[in-house]
Amino acid sequence: LFESFADWKKYSTDKKMSLVQVVIEYECTQKNRTEKEIWDGLSRAWEVMKDAVHTGLTEDMTSRSGMINNGAKKVYNYPTPVLSKEFQNLISRALAAKEVNSCMGRIVAAPTAGASGIMPGVLYTLQEIHNVEDKKILEAMLLAAGIALIMEQRASISGAVGGCQAETGTAAAMGSGAIVYCLGGDTDQIFNAVAITVQCMLGLVCDPVAGLVEVPCVVRNASAAAIANSSAQIGLANVSSVIPVDEVIEAMGEIGASMETRYK
């Protein structure tokens with residue numbers, strides 16, 4: 001079922017189920033979880049995401065290496081927004097949650113620890129701007145899980161396997177799909193946003209300084225959060241990705257497989 005976006009859409013249409021309902025069914029049948037367990041788990045994950053954002057913006061975030069040194073707070077408190085305060089908040093929150101990871105704090109690997117700032121930054125800011133209720137956010141997280149599951153099957157979500165395109169690229173795709181879903185987009189708009197996001201991330205290498213998931217990993221969480229929002233805006237406007245989403249993900253897999261080891 002979750003081997004392609006086309007199959008996900010077809011199953012959803014044939015069964016007259018939403019994309020989210022299909023993921024719930026998958027979780028119940030394949031993972032032997034009850035719906036209550038699923039929603040409770042999502043609620044806990046959402047609280048951890050918000051806590052990570054708050055921690056990163058209020059507490060000392062200096063990593064053991066010294067390479068990470070309270071960057072999120074500096075961005076958040078800088079007096080001159082480049083575009084808007086909302087954009088400044090978005091990228092500083094993505095930085096904040098990822099800095100918590102780099103400083104050995106508690107995060108949600110969504111889908112990985114190296115990309116753990118993107119979904120919190122995106123969802124926290126989306127909820128703040130559009131007053132999205134928590135239930136809708138949790139549904140969007142389920143949708144994002146479905147996106148990641150397919151990307152893992154067709155390509156990879158690991159930087160060490162497919163380059164940073166696979167890691168921050170997947171998280172950004174999850175974020176863009178979640179945004180479009182929360183703002184009332186349909187299946188095609190969601191999948192277009194995912195495809196456009198990945199197109200913008202193709203070829204990004206994994207090159208952590210000193211082997212630590214700190215530099216440039218943290219700042220890439222901020223840039224990926226920005227790409228997630230730009231792709232969602234484009235997708236919501238019914239601009240086609242031109243290349244079908246499954247073909248884009250296939251290209252990601254091919255690029256990752258052909259990268260030299262030193263780039264991942």
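How many aromatic pairs does a search of the whole structure find? The search finds three. The model is a predicted one. Two of the pairs share a ring, and they make a good place to start.

Take Phe-5 and Phe-191. Their ring centres are 4.9 Å apart. The ring planes stand at 75°, so this pair is edge-to-face. Planes over 60 degrees apart count as edge-to-face. Phe-5 belongs to helix H1, residues 5-15. Phe-191 belongs to helix H10, residues 187-201. The two parts are 186 residues apart in sequence, so the pair ties together distant stretches of the chain. Phe-5 and Phe-191 are both buried.

Now add Trp-8. Its ring pairs with that of Phe-191. Here the centres are 5.6 Å apart and the planes make an angle of 40°, a tilted arrangement. Trp-8 lies in helix H1 and Phe-191 in helix H10, so this pair ties together parts that are 183 residues apart in sequence. Trp-8 is buried, as is Phe-191. Put the three residues together: Phe-5, Trp-8 and Phe-191 form one aromatic cluster.

Move on to the helix packing. Helix H2 covers residues 19-30 and helix H3 covers residues 35-58. Their axes are 9 Å apart and pack at an angle of about 115°. How do H2 and H3 lie to each other, roughly parallel or roughly perpendicular? They are roughly perpendicular, because angles of 65 to 115 degrees are put in that class. The crossing of H2 past H3 is right-handed. On the H2 side, Ile-24, Glu-27 and Cys-28 make the contact. On the H3 side, Glu-35, Ile-38 and Trp-39 meet them. By class, this contact has four nonpolar residues and two charged ones, with no polar residue.

Further along H3 sits Asp-51. Is Asp-51 buried or partly exposed? Its relative accessibility is 45%, so it counts as partly exposed. The C-alpha atom of Asp-51 is 13 Å from that of Met-119. Along the chain, these two residues are 68 residues apart.

Met-119 leads to a second helix pair. Met-119 is one of the H6 residues in contact with H9. Helix H6 runs over residues 118-130, and helix H9 over residues 164-182. Their axes come within 9 Å and cross at roughly 20°. That angle makes H6 roughly parallel to H9, because angles under 35 degrees count as roughly parallel. H6 passes H9 in a right-handed crossing.

Which residues make this contact? From H6 come Ile-118, Met-119, Val-122, Leu-123 and Leu-126. From H9 come Thr-168, Ala-171, Ala-172, Met-174, Gly-175, Ala-178, Ile-179 and Cys-182. Sorted by class, 11 of the residues are nonpolar and two are polar. No charged residue takes part in the contact of H6 with H9.

Leu-126 also gives a reference point for Glu-86. Glu-86 is in helix H5, residues 85-102. The C-alpha atoms of Glu-86 and Leu-126 are separated by 9.5 Å, although the residues are 40 apart along the chain. Beyond its neighbours within four places in sequence, Glu-86 is in contact with Thr-125 and Ile-129. Its relative accessible area is 40%, so Glu-86 is partly exposed.

Finally, look at the backbone of the loops. The loop between H5 and H6 holds Pro-111. The peptide bond from Ala-110 to Pro-111 is cis, with omega near 5°. Met-104 is in the loop between H5 and H6 as well. Met-104 is not a glycine, yet it has a positive phi of about 65°. With a relative accessible area of 72%, Met-104 is exposed.

The later loops repeat these themes. Pro-216 is in the loop between H10 and helix H11 (217-236). Val-215 and Pro-216 are joined by a cis peptide bond, with omega about 5°. After H11, the loop leading to helix H12 (245-258) contains Asn-238. Asn-238 is another residue that is not a glycine but has a positive phi, about 65°. Its relative accessibility is 57%, so Asn-238 counts as exposed.

Conventions: Residues are numbered from 1 along each chain as its sequence is written. This is a predicted model: local features need pLDDT of at least 70, side-chain atom pairs count only at pLDDT 80 or more; totals for chains, interfaces and linings use all residues. Side-chain values use heavy atoms; hydrogens and water are left out. Axes are lines fitted to C-alpha atoms, for helices over the stretch in contact, and angles run from 0 to 180 degrees between N-to-C directions. Helices (H or I, at least four residues) and strands (E, at least two) are DSSP runs, numbered from the N terminus. Angles under 35 degrees count as roughly parallel, over 145 as roughly antiparallel, 65 to 115 as roughly perpendicular and the rest as oblique. A crossing is left-handed if the near helix is turned anticlockwise from the far one by less than a right angle, and right-handed if clockwise. Contact means heavy atoms within 4.5 Å. Ala, Val, Leu, Ile, Met, Phe, Trp, Tyr, Cys and Pro count as nonpolar, Asp, Glu, Lys and Arg as charged, and the others, Gly among them, as polar. Rings of Phe, Tyr and Trp (its six-membered ring) pair if their centres lie within 6.5 Å; planes under 30 degrees apart count as stacked, over 60 as edge-to-face and the rest as tilted. Buried means under 20% relative accessible area, exposed over 50%, partly exposed in between (1.4 Å probe, protein chains only).
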